[in-house]
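Me: I'm new to this structure and would love a close look at one part of it. Could you walk me through the strands, starting with a hairpin, and then show me how that part sits in the whole?

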Amino acid sequence: SCLFFFVCPPRVSERVTHRQSVRLGRTIKLPCPVEGDPPPLIMWTKDGRNIHSGWTRFRVLLEALRIKEVETEDAGTYICKATNGFGSVNINYTLIVIDDSSSRNGAGSSSSVRPRFTQPAKMRKRVIARPVGSSVRLKCTASGNPRPDIVWLKDSRPLVDNDSGAAGEAKKKRWTLSLKNLTPEHSGKYTCHVSNRAGEINATYKVEVIQRTNSKPILTGTHPVNTTVDYGGTTSFQCKVRSDVKPVIQWLKRVEPGDENKFNSTIEVGDHRFVVLPTGEVWSRPDGSYLNKLLITRAKEEDAGMYICLGANTMGYSFRSAYLTVLPDRKPPPVPVPTATSPGLPWPVIIGIPAGVAFIFGTALLWFCRSKRTCSSSSSSSSSTSSRDRGAQPAGGDKDHLSYEDYIAHQQLLLAQGGGGGATALAPKVYPKIYTDIHTHTHSHVDGKVHQHQHIHYQC
């Protein structure tokens with residue numbers, strides 16, 4: 001059952017048959033149908049021993065264990081253990097290997113399986129050269145029914161452990177002869193003889209132990225090779241050097257003519273000058289050679305050119321060249337953002353535009369002033385004529401346009417009303433050449449009242 005937050009320990013999702021049988025030489029799959037959250041980790045064991053990648057005929061799949069070319073020794077107890085940290089579950093199997101030949105009292109050799117090599121790809125190189133002090137492994141992995149035996153021979157004579165300095169015994173899932181600390185006496189032909197009652201097979205290796213001599217390094221293989229890389233990509237050159245002593249491996253890049261001043265120091269190799277590049281670690285290989293790699297990251301156009309691997313020791317040096325091609329950058333170049341600049345105008349236009357605006361504004365202002373004067377003159381003349389025709393205006397007249405004559409007549413009327421008969425004696429003397437300026441101000445209050453003020457200015 002699942003725990004909190006939907007965490008489930010492993011459980012068996014299907015029914016399985018715990019007793020499995022298979023015929024000799026066939027292939028079988030033992031299922032392991034389990035599920036859980038998180039998904040469980042699967043581990044297989046046989047008779048208490050963990051099954052790993054070294055078991056060449058065994059392969060752990062996603063939900064099964066596959067056994068190819070079943071042999072008699074494959075019979076036993078298999079356990080699939082599933083664990084996910086919140087629990088575990090086991091599925092047990094008992095595997096029975098059926099040998100048809102046993103039902104025929106051992107006389108039916110036709111039911112036996114002839115031996116065969118199960119890893120021929122690892123046996124293609126039959127001539128092996130190694131320097132003194134190195135090591136070599138010779139493989140003859142095979143299967144058959146019944147399980148075949150293996151015997152190692154050197155130059156057609158049975159090999160003894162003391163002769164090879166290594167373990168030449170054939171053990172279950174160990175079909176390898178290891179020769180260590182090679183000496184010139186180890187040179188010769190090594191043959192693995194694999195047989196059972198159904199037949200036999202052989203494979204022969206020729207081992208050559210090279211005596212070390214004091215000589216300059218030799219570049220082996222085809223590296224470095226011409227390489228092409230995308231702009232901004234990553235690539236590498238490698239160099240394999242054979243030398244009696246550990247060599248110095250250096251990478252150089254050719255300097256194009258005219259670019260010598262760009263570098264602090266260069267060296268001359270052949271007819272060209274080169275710049276020395278930083279070099280990584282030099283690895284020693286079991287075959288007595290030395291390997292070094294040059295890594296190029298974020299390749300740019302200036303990285304293109306000729307590269308040289310230079311191997312040197314106290315006896316001299318050897319080198320080999322290769323070219324690096326960097327493909328052009330496929331990204332479009334950035335589009336420049338135009339700057340906001342005012343277009344250039346000729347100076348007559350620059351001067352003429354403000355002048356024209358000023359002229360138009362002045363003309364409009366002059367027209368407005370003349371129009372106002374004409375209106376004021378007409379209003380005054382009309383008021384005087386009307387006053388003379390009508391006589392004195394009453395107090396409630398329009399005081400905003402009251403002329404001087406109207407105002408004097410209005411004041412005389414007020415004096416006459418207030419002073420009675422003495423009004424004539426108290427009437428002020430009138431000066432017809434007095435100019436007045438009358439302003440009326442009206443104030444409105446919040447309560448709705450309206451109040452007016454009148455200001456009068458006299459000037460002789």
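Reply: Happy to! Let's begin with a term: two strands pair if DSSP finds at least two bridges between them. Keep in mind throughout that this is a predicted model.

With that in hand, look at the hairpin made by S5 and S6, which has two residues between its strands. In the turn you will find Asp47, with a positive phi of about 50°. Strand S6 covers residues 49–50, and its pairing with S5 is antiparallel, over two bridges. Since two strands pair if DSSP finds at least two bridges between them, these two bridges are enough for S5 and S6 to count as paired. To place yourself in the hairpin, find Thr45, which stands opposite Asn50 in S6.

Now stay with S5, because the definition of pairing applies to another partner as well. Strand S5 spans residues 41–46 and also pairs with strand S9, residues 76–83. Six bridges join S5 and S9, again in the antiparallel sense. One pair to look for here is Met43 with its bridge partner in S9, Lys81.

Next, turn to an open sheet of three strands. Its order is S3-S8-S7, with antiparallel pairing. The edges are strand S3 (28–31) and strand S7 (58–60), each of which pairs on one side only. On average, neighbouring strands of this sheet are turned by 15° against each other, direction ignored. Strand S8 takes in residues 64–67, and three bridges join S8 to S7. Within that pairing, Val60 stands opposite Leu65 in S8.

How do these strands fit into the whole? The protein chain has 31 strands and four helices. Of its 460 residues, 31% count as buried. Among contacts between residues at least 6 apart in sequence, 63% join residues at least 24 apart. The accessible surface comes to about 30,400 Å², and carbon and sulfur atoms account for 55% of that surface.

One last stop takes you to a helix. Helix H2 runs over residues 347–390 and contains Trp367. Is Trp367 buried or exposed? Trp367 counts as exposed because its relative accessibility is 61%, and the cut-off for exposed is over 50%. Together with Phe361, Leu365 and Phe368, Trp367 forms a nonpolar patch on the surface. These four residues have about 520 Å² of accessible area together.

Note on methods:
Residues are numbered from 1 along each chain as its sequence is written. This is a predicted model: local features need pLDDT of at least 70, side-chain atom pairs count only at pLDDT 80 or more; totals for chains, interfaces and linings use all residues. Side-chain values use heavy atoms; hydrogens and water are left out. Buried means under 20% relative accessible area, exposed over 50%, partly exposed in between (1.4 Å probe, protein chains only). Contact means heavy atoms within 4.5 Å. Accessible areas come from the Shrake-Rupley method with a 1.4 Å probe; for residues, only the protein chains shown count as cover. Patches are made of residues with over 30% relative accessible area and no salt bridge: like charges are joined within 9 Å, nonpolar side chains (Val, Leu, Ile, Met, Phe, Trp, Tyr) within 5 Å. A salt bridge is a side-chain nitrogen of Lys or Arg within 4 Å of a carboxyl oxygen of Asp or Glu. Axes are lines fitted to C-alpha atoms, for helices over the stretch in contact, and angles run from 0 to 180 degrees between N-to-C directions.
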